[in-house]
Amino acid sequence: MEQKINHPKMERQEMRTETEARERTAAAMRTEAEAGERTAADIEKSIRKKFHKQLFSRFAKAVRDYQLVQENDRIAVCISGGKDSMLLAKLFQELQKHRKVPFELQFLVMDPGYLKANRTLIEENAKRMGIPVTIFETEIFDAVYEIEKSPCYLCARMRRGHLYHQARELGCNKIALGHHYDDVIETILMGMLYGGQIQTMMPKLHSTNFQGMELIRPMYYIREEDIKHWRDYNGLYFLQCACRFTESCAARESESENLSKRMEIKTLIAKMKETNPFVEANIFKSVENVNLSTVIAYKQQGKRCHFLDTYNKDERGEE
């Protein structure tokens, strides 16, 4: 009979993270008491009234601009327990009240191996906010815990695959993720400065491994600062990060470096904004205004194209 070996270091870390999780839950309870425990109706009203322009209007605009919701769609709204995905769920509920075409929603939570206190926090927040979640369990954290090289990349890929699979099992044709405007512009700069490439986080994608499925990002125009204001106004407390790896980043230099690079990009953008208030919008628009005739090379559907391929066929170029 196979025995599970318990590593002392892993046991100490789990005890520490369990304690921290309990402290976060206690903090959430204090926040609720201070805020007078705003109800789901209060939270929904804040989206319709106080934060309508910053949140719902931008959400609806992205849905229209990128044609993210079509008639008879069945959308799995993927909830991690953080502020972005919880707001995404409430925005979709609001959109459904004002829908111009019929569509259905499933609110999907994947438990990849959360500590008990973290899962409890997700469940309590969902109940308080009036979000009827469907929770399914996986063992992703256990599967990637001993992986030394890029465990976060592998974990993200596995999570995405499980979400697609479960969404399809529920009859959904789309999954919705809570990436926002700041995620988009930071990704553009990270690709350029650290990846040597120009690319963006697309508002929607066809799945390559799950035929007929799509990924959509309806919070594409929403600013992270506005999400935080909405959260704080309603006295809400969400998971910051429930990942086992980021709680021991010092032992994983590659992942710690990746996190620090994103923070470095955030700081860089904030610094540039001091002298150029349009810098964020310009970064965002840069991938909408690509002129291929001024690009040395690019890839399209996996094929690399070079300007010399057609250079002699077109002699009308300008200096």
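**Figure 1. Two cysteines, C172 and C78, that are not bonded to each other.** The sulfur of C172 has its closest cysteine sulfur in C78, at 8.7 Å, which is too far for a bond. A disulfide is a covalent bond between the sulfur atoms of two cysteines. To count as one here, the two sulfur atoms would have to lie within 2.5 Å. Both residues are buried: C172 has a relative accessible area of 4%, and C78 one of 6%. The search of the whole structure, which is a predicted model, finds zero disulfides.

**Figure 2. The open sheet of six strands.** The strands follow the order β3-β2-β1-β4-β6-β5, and their pairing is mixed. At the edges stand β3 (133-137) and β5 (204-206); each has a single partner strand, so one side of each is left without a neighbour in the sheet. On average, neighbouring strands are turned by 25° against each other, direction ignored. Strands of a sheet pair through backbone hydrogen bonds, either parallel or antiparallel. The pair formed by β2 (residues 104-111) and β3 is parallel and has five bridges. In this pair, M110 stands opposite F136 of β3.

**Figure 3. Helices α4 and α5 against the sheet.** Helix α4 (residues 83-97) touches β1 (74-79), β2, β4 (174-176) and β6 (214-216). The direction of α4 makes about 150° with that of β1. Helix α5 (residues 116-129) touches β2 and β3, and its direction makes about 165° with that of β3.

**Figure 4. A salt bridge within helix α3, between K61 and D65.** Side chains of opposite charge can pair when their charged atoms come close. In this pair the closest N and O atoms are 3.1 Å apart. The two residues are four apart in helix α3 (residues 52-65), about one turn of the helix. K61 is partly exposed at 38% relative accessibility, and D65 is partly exposed at 37%.

**Figure 5. A salt bridge between helices α10 and α8.** K266 and E186 have their closest N and O atoms 2.9 Å apart. K266 belongs to α10 (residues 253-273) and E186 to α8, so the pair ties together parts that are 80 residues apart in sequence. K266 is partly exposed, with a relative accessible area of 26%, whereas E186 is buried at 3%. Both belong to a network of salt bridges that also links K83, D84, E224 and R262. The structure holds 21 salt bridges.

**Figure 6. D182 in helix α8.** Helix α8 covers residues 181-195. D182 counts as buried, at 10% relative accessibility. Beyond its neighbours within four places in sequence, D182 is in contact with I222, R223 and E224.

Notes. Residues numbered from 1 in each chain as written. Predicted model: local features only at pLDDT ≥ 70, side-chain atom pairs only at ≥ 80, totals over all residues. Heavy atoms only, no water. Pairing = 2+ DSSP bridges. Axes fitted to C-alpha atoms, helices over the stretch in contact; angles between N-to-C directions. Contact = heavy atoms within 4.5 Å. Buried < 20%, exposed > 50% of the residue type's maximum accessible area, 1.4 Å probe, protein only. Salt bridge = Lys/Arg side-chain N within 4 Å of Asp/Glu carboxyl O.
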